[in-house]
Amino acid sequence: MSLSYQDLINEAKHEIPEIEPADLADLIGRVAIFDVRESDEYEQGAIATAKLLPRGLLEGAIDKHIDDPGEKIVVYCAGGARSALAAQTLTRMGYSNVSSLQGGFGRWKSDGHPWGLPEALSNDQRGRYSRHILLPEVGEEGQIRLLESKALIVGAGGLGSPAALYLAAAGVGTIGIVDFDVVDATNLQRQILHNLDRVGQSKVESARETLTALNPDVKIITYDERLSAENVLQIFSGYDVVVDGGDNFPTRYLVNDASVHLGIPVVHGSIFRFEGQVTVFEPYTGPCYRCQYPEPPPPELAPSCAEAGVLGVLPGVIGTLQAMEVLKILLGIGDTLSGRLLTYDGLSQEFRTLRIRRDPTCPACSDESHPPAIVEYDQFCTPAGVVARAG
Amino acid sequence: MSAVVKIPTSLRGLTGGSSEVEVPAGRLGEVITNLTDTYPDLGERLLDEKGNLRRFVNVFVAEDDIRFLEGLETEVSSGQVVTILPAVAGG
Ligand SMILES: [Zn+2]
């Protein structure tokens, strides 16, 4: 005996429970809701907490969203037919608490329950970010999150260049770049944001041109100024994460104190000749830069890249690791380097991970109720012991 | 019965270019004394006038910062790695 489509739906509705829109409305936040329509239908409007999982993908992808087969699941479509079949299939797969929304999204809307236009990617974006979307840890949701994120990069130099390129390519929606310098021919051995045509041009403008050409989705905000006690809080405010690619100690202490002040995580990278260090400073949950380095070395013991030289690919390695940490922080996946210092020696090609801790006497982060005041450092750096604190 | 001290690039000029130096195991203070007896210029870089570690130099025994262990009293056992890690600012 062959069954018509209507027979199949009747049979499914007989086998699985249906839920009234009003009952689902009471359960919002305590139930996993899947919209099993096609993406073009979903984009016209959906239940706010629902995840799009078109029927064609449902059976293959459900386990990436649901860990416990006994979890309460509600599926819906436009009118309740496709979702009845979807619920029947899920029940057969062992999901024991699945119901289908009676009357579907149409009745949900006509009954006056809330709905909205979901944040969705354009078709171009689905193509551009398809290799991200394929990752269950990222998906369309994660990509939307990246597009809504804001990362600030301090320094459009050796570390800032690869970090900015990868973050722009990844679709981090807003990238701020702080640098007061102009492109110099000696930069081009490692600062891959820039090129020979841009020599003499401001680094932030050169960065904007490169990054916009790579990914026009990304909004680039440039700060063509030297980071200082006067401007640092204003510049940092509103960013989700700061990438420290500075090239001197005063800037690094300033970045630290401002980020602790505002509670913004810093992805730290620093380099010397063939060696680099990477870590994440997560204010008040992990150590900060001052916990790790309470005092800067005297200038004669701390030569810069300009004085000491650096192998050009080294900032490429370290800046790229910083970009990786930024994406993890923005997506909320994996274990960041908070509390761990990753060291890299290019000559021996060795990575090591050292444990770093919060210093209970840290002048910057030991007391959350008294964030550090922001003070200017000269090139010799005010000793950390006298870091000012807000009253 | 020796430990290995890893010398960072920035200090290798003071150890004749060596990136690793073997020293007898023991208290960290003794390990550093051994090291600086061999390379006196390194001593000045690591220790202040009072013989305390300078605050801009971090020393790790195995994976741990000695500030959170026993400082210069930390026992370094045979085969353990001591890492000297100065702050670097380049970018
Ligand atoms: Zn701290």
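**A tour of chain A and its contact with chain B**

Of the contacts in chain A between residues at least 6 apart in sequence, 67% join residues at least 24 apart. This is a predicted model.

**Chain A as a whole.** Select chain A and show it as a cartoon. Its secondary structure comes to 16 helices and 13 strands. Along the principal axes, the C-alpha atoms fill a box of roughly 90 × 50 × 40 Å. Switch to a surface: chain A exposes about 17,200 Å², and carbon and sulfur atoms supply 51% of that area. Of the 391 residues in chain A, 51% are buried.

Next, colour by charge. Chain A carries 32 positive and 52 negative side chains. The centres of these two sets lie 2 Å apart.

**The interface.** Add chain B and select the residues in contact across the two chains. The selection should hold 42 residues from chain A and 26 residues from chain B. About 2,800 Å² is buried between the chains, with 54% of it given by carbon and sulfur atoms. Eight salt bridges are found across this interface. To look at a salt bridge between the chains, select Arg355(A) and Glu63(B), whose closest N and O atoms are 3.6 Å apart.

**Helix α16.** Move to residues 313–331 of chain A, which form helix α16, and pick Lys328(A) there. Is the lysine at this position buried or exposed? Lys328(A) has a relative accessible area of 15%, so it counts as buried, the limit being under 20%. Now show what surrounds the residue. Apart from neighbours within four places in sequence, Lys328(A) is in contact with Ile333(A), Gly334(A), Asp335(A) and Thr336(A).

**Two loops with positive phi.** The last stops concern backbone torsions. Most residues other than glycine have a negative phi.

Select the loop between β10 (266–272) and β11 (275–281) of chain A, where Arg273(A) lies. Arg273(A) is not a glycine, yet its phi is positive, at about 55°. With a relative accessible area of 32%, Arg273(A) is partly exposed, because that value falls between the cut-offs of 20% and 50%.

Then follow the chain past β11 to the loop that leads to α14 (289–292), and select Tyr284(A). Tyr284(A) also has a positive phi, near 70°. What is the relative accessible area of Tyr284(A)? The value is 13%, so Tyr284(A) is buried.

Technical notes. Residues numbered from 1 in each chain as written. Chains lettered and ligands numbered in written order. Predicted model: local features only at pLDDT ≥ 70, side-chain atom pairs only at ≥ 80, totals over all residues. Heavy atoms only, no water. Helix = DSSP H or I, 4+ residues; strand = E, 2+ residues; numbered from the N terminus. Buried < 20%, exposed > 50% of the residue type's maximum accessible area, 1.4 Å probe, protein only. Contact = heavy atoms within 4.5 Å. Areas by Shrake-Rupley, 256 points an atom, 1.4 Å probe, with all protein chains shown as cover. Lys, Arg positive; Asp, Glu negative; His and termini not counted. Charge placed at Lys NZ, Arg CZ, Asp CG, Glu CD. Buried area = accessible area lost by both parts, 1.4 Å probe. Salt bridge = Lys/Arg side-chain N within 4 Å of Asp/Glu carboxyl O.
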